[in-house]
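Open the model in your viewer and keep the selection panel at hand. The stops below say what to select next and what is there.

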Amino acid sequence: QVQLVESGGGLVQPGGSLRLSCAASGSNFRIYDMAWYRQAPGKQRELVAIITNGGRTNYTELVKGRFTISRDNAKNTVYLQMTSLKPEDTAVYHCYAQWRVFLKLSNSWGQGTQVTVSS
């Protein structure tokens with residue numbers, strides 16, 4: 001089993017920036033795709049950004065040009081740099097990772113970190 005722990009959320013004013021981190025831990029695992037999702041109150045969880053283990057990225061149109069996803073494969077960590085934040089970015093942000101342990105392919109979710117954009 002692979003566990004994911006997020007950090008870096010908080011309260012920020014509109015136009016501000018935050019950086020989220022998500023570290024994976026476990027034994028004998030290999031991480032494939034990693035991603036950030038978010039869920040605002042009363043809304044479905046949505047994909048924000050995804051990055052392959054080769055570094056290819058994709059973003060929802062809502063955050064293109066403002067958010068950047070990156071990863072450090074040596075540390076099994078994925079980051080989300082968020083800039084020009086808007087009130088509509090307020091949500092709980094969840095980390096996601098697809099992984100393999102020996103022949104078992106599975107995925108994990110982090111517990112989530114709250115991001116609130118408000119003046």
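**Aromatic pairs**

There are 3 aromatic pairs in the structure; rings of Phe, Tyr and Trp (its six-membered ring) pair if their centres lie within 6.5 Å, with planes under 30 degrees apart counted as stacked, over 60 as edge-to-face and the rest as tilted. Select Y37 and Y96: the ring centres are 6.0 Å apart and the planes stand at 65°, so this pair is edge-to-face. Y37 belongs to strand β4 (residues 29-39) and Y96 to strand β9, so the pair ties together parts that are 59 residues apart in sequence. Strands here (E, at least two residues) are DSSP runs, numbered from the N terminus. Both Y37 and Y96 are buried; buried means under 20% relative accessible area, exposed over 50%, and partly exposed in between (1.4 Å probe, protein chains only).

Add W109 to the selection. Y37 and W109 make an edge-to-face aromatic pair, 4.8 Å centre to centre with 65° between the planes. Since Y37 is in strand β4 and W109 in strand β10 (residues 104-109), the pair ties together parts that are 72 residues apart in sequence. Ring pairs thus link Y37, Y96 and W109 into a cluster. W109 is partly exposed, at a relative accessible area of 37%.

A note on the source: this is a predicted model, in which local features need pLDDT of at least 70 and side-chain atom pairs count only at pLDDT 80 or more, while totals for chains, interfaces and linings use all residues. Residues are numbered from 1 along each chain as its sequence is written, and side-chain values use heavy atoms, with hydrogens and water left out.

**Charges over rings**

Keep W109 and add R45. The charged end of R45 sits over the ring of W109, 4.6 Å from its centre; a charge sits over a ring if NZ of Lys or CZ of Arg is within 6 Å of the ring centre and within 35 degrees of the ring normal. Then select R19 and Y79: the charged end of R19 sits over the ring of Y79, at 4.1 Å from the ring centre.

**H94 and W36**

Select H94, which is in strand β9 (residues 91-101). Is H94 buried or exposed? At 8% relative accessibility, H94 counts as buried. Show everything in contact with H94 (heavy atoms within 4.5 Å). Not counting residues up to four places away in sequence, H94 touches E6, A35, W36, Y37, R45, W109, G110, Q111 and G112. The H94 side chain also reaches the backbone oxygen of G110 at 3.3 Å.

From that list, move to W36, in strand β4. W36 is buried, with a relative accessible area of 0%. Its side chain reaches the backbone oxygen of Y79 at 3.5 Å. Label the C-alpha atoms of W36 and A49: they are 13 residues apart along the chain and separated by 5.4 Å.

**R100**

Next select R100, also found in strand β9. At 31% relative accessibility, R100 is partly exposed. The R100 side chain makes a polar contact with the side chain of Y32 at 2.8 Å. A polar contact is a pair of N or O atoms within 3.5 Å; within protein, one must be able to donate a hydrogen and the other to accept it, and residues adjacent in sequence count only if both atoms are side-chain atoms. The side chain of R100 reaches the backbone oxygen of F102 at 3.0 Å. Apart from residues up to four places away in sequence, R100 touches N28, F29, R30, Y32 and L105.

**The open sheet**

Switch to a cartoon view. In what order do the 4 strands of the open sheet run? The order is β1-β3-β8-β7, with antiparallel pairing; two strands pair if DSSP finds at least two bridges between them. β1 (3-7) and β7 stand at the edges with a single partner strand each, so one side of each is left without a neighbour in the sheet.

Select strand β3 (residues 18-25) with β8: they pair in the antiparallel sense over 6 bridges, and L18 stands opposite M82 in β8. Finish with β7 (residues 67-72) and β8 (residues 77-82), which are antiparallel and joined by 6 bridges. R71 has V78 in β8 as its bridge partner. The two strands form a hairpin with 4 residues between them, and N76 in the turn has a positive phi of about 50°. Colour the two faces of β7: F67, I69 and R71 are on the covered face, and T68, S70 and D72 on the uncovered one.
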